[in-house]
Amino acid sequence: MNNISQQSDEQVVELVRTKDQEIFSEIINRYQIKLLRYATYLTQDDYLAADVVQETFIKAFINLQSFNVKKRFSSWIYRIAHNQAINALKKQKKYSPIIDNLDFSSDQDIESDLLQSELRDQVQNCLEYLPILYREPLTLFYLEKKSYKEISDILRIPTKTVATRISRAKKQIRVICQNQLKNK
Amino acid sequence: MPKPVKKQINSQSELPNLNETVMSAIKSGKVTMKPKWYFLLGSIISTLSLVGLSIGVVFAINLTLFLLKSHGRMTQWKLELMLAGFPWWIPVLAIFGIILGIWLMKKYDFSYQKNFALIAAFFVVAMLIAGIMIDYFGINESWSKRGPMQRFYQQLNNRNDINRPWQKQLKTPKRINSLY
């Protein structure tokens, strides 16, 4: 098992496919916490997130032969989790990709003074108020530390769109956090 | 803005043991891996569908052009008559094929990395150009005169003749004259 823990995700997947299906537990161990965190940010519901992640692992196992080992496994499994979360939200009628009416002034230089670490803390507190359309790329970028390319692969949108959404999300979250501070 | 309702797991013991749940489903055989050929077959069918669909669309486009040309110059009353009797299923089939083709292309991995509107536009233009080119080089004409497609073209032309009363009007007096 020690040997397996040193191998890459793609190598582990190949072992599951060709040798022993029980090695899939290694994949679950590697991604359980990450996916639970991601699904919780999306659904804002720990129980629903747990269901989403369980379904994600089951779907990943069923369709494991369709995964191309030349690509990144993490993007592939995050994509499944994303689909599962969106489906779960749609079932609960919580999914609204339409941008909320957020009042933000355009003359504020909101991006320049925003440090990444500061943003990360703010993101976690204010994320639940952000529309899911922006919550997703922002979560993946700042909290899951994914690159634009990986986010593009997970959300199936062009890299330019990822950049645009993150930029807009930053602006919106800044306003949300400012409003929250004012209300306190 | 109202605060979203947040359901939280408060203790570590409440955390679900996903590893155990998923692995027991796998070990018991409740969850099984789909075989590789299943996905291979899927991608082959999808590729063949796209190729077949493209050929079908090009054929429908050039057939539409062929039928339009066979009607000759459009005066207003001729156009009205032609519109009434035109085999509309051919252009409708072409449009439906294009929509289906675009939907199929959206399923491919490359589609989200590029500007999909541009890919779709390119597909439509490519189909139109291919249809026009086949008509331009007279392939339609030769197909209508010989080869396995001859009968199909003749049937379409015959159906069109029924819907071209001006040609009948020209033919009838000749026939009458020959009787005398």
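The buried residues of α8(A) pack against α5, α7 and α9 of chain A, and that is a good place to begin a walk through this predicted model. Which residues are they? In α8(A), the buried ones are Ile151(A), Ser152(A), Asp153(A), Ile154(A) and Leu155(A). Once α8(A) ends, the chain continues with Arg156(A), whose phi is positive, near 55°.

Step back to the whole of chain A. Its secondary structure consists of 9 helices and 0 strands, so if you read from the N terminus on, the elements run α-α-α-α-α-α-α-α-α. Of the 184 residues of chain A, 37% count as buried. Taking the contacts in chain A between residues at least 6 apart in sequence, 65% join residues at least 24 apart.

Now for the interior. In soluble globular proteins, nonpolar side chains tend to be buried together. Here the largest nonpolar core has 50 residues, and those touching the most other members are Ala39(A), Val52(A), Val53(A), Ile77(A), Ala81(A) and Leu130(A). Two or more residues each come from α2 (9-18), α3 (24-43), α4 (46-62), α5 (73-91), α7 (132-143), α8 (148-155) and α9 (159-183) of chain A, together with α1 of chain B. Which element gives the most to this core? That is α3(A), with 10 residues. The core also draws at least three residues from each of domain 1 (2-91) and domain 2 (116-183) of chain A.

Take Ile77(A) for a local view: not counting residues up to four places away in sequence, Ile77(A) touches Tyr31(A), Thr56(A) and Ala60(A).

With α1 of chain B among the contributors to the core, the next stop is the meeting of the two chains. The contact takes 29 residues from chain A and 24 residues from chain B. On the side of chain B that touches chain A, α1 (18-27) and α2 (36-70) of chain B each supply at least two residues, and α1(B) gives the most, with 7 residues. By character, the residues on this side of chain B divide into 14 nonpolar, 5 polar and 5 charged.

One residue to look at here is Val22(B), which lies in helix α1 of chain B. Why does Val22(B) count as buried? It has 24 other C-beta atoms within 10 Å, and the cut-off for a buried residue is 20 or more. Leaving aside its neighbours within four places in sequence, Val22(B) is in contact with Ile28(A), Gln54(A), Phe57(A) and Ile58(A).

The last stop is helix α4 of chain B, residues 89-106. At 1.5 Å a residue, its 18 residues should span 26 Å, and its end C-alpha atoms are 25 Å apart, which agrees. How are its residues arranged around the axis? An α-helix has 3.6 residues a turn, so residues three or four places apart point the same way. The buried residues of α4(B) are Ala94(B), Gly97(B), Ile98(B) and Gly101(B). Seen down the axis of α4(B), these buried residues fall within an arc of 100°, so they line one face of the helix. The face turned away from that buried side carries the exposed residues Trp89(B), Val92(B) and Trp103(B).

Note on methods
Residues numbered from 1 in each chain as written. Chains lettered and ligands numbered in written order. Predicted model: local features only at pLDDT ≥ 70, side-chain atom pairs only at ≥ 80, totals over all residues. Contact = placed C-beta atoms within 7 Å. Helix = DSSP H or I, 4+ residues; strand = E, 2+ residues; numbered from the N terminus. Nonpolar A, V, L, I, M, F, W, Y, C, P; charged D, E, K, R; others polar. Core = buried A, V, L, I, M, F, W, Y, C linked by C-beta atoms within 7 Å. Buried ≥ 20, exposed ≤ 12 C-beta atoms within 10 Å, placed from the backbone. Domains from an automatic or database assignment. Expected span 1.5 Å × (residues − 1). Arc of directions from axis to C-beta.
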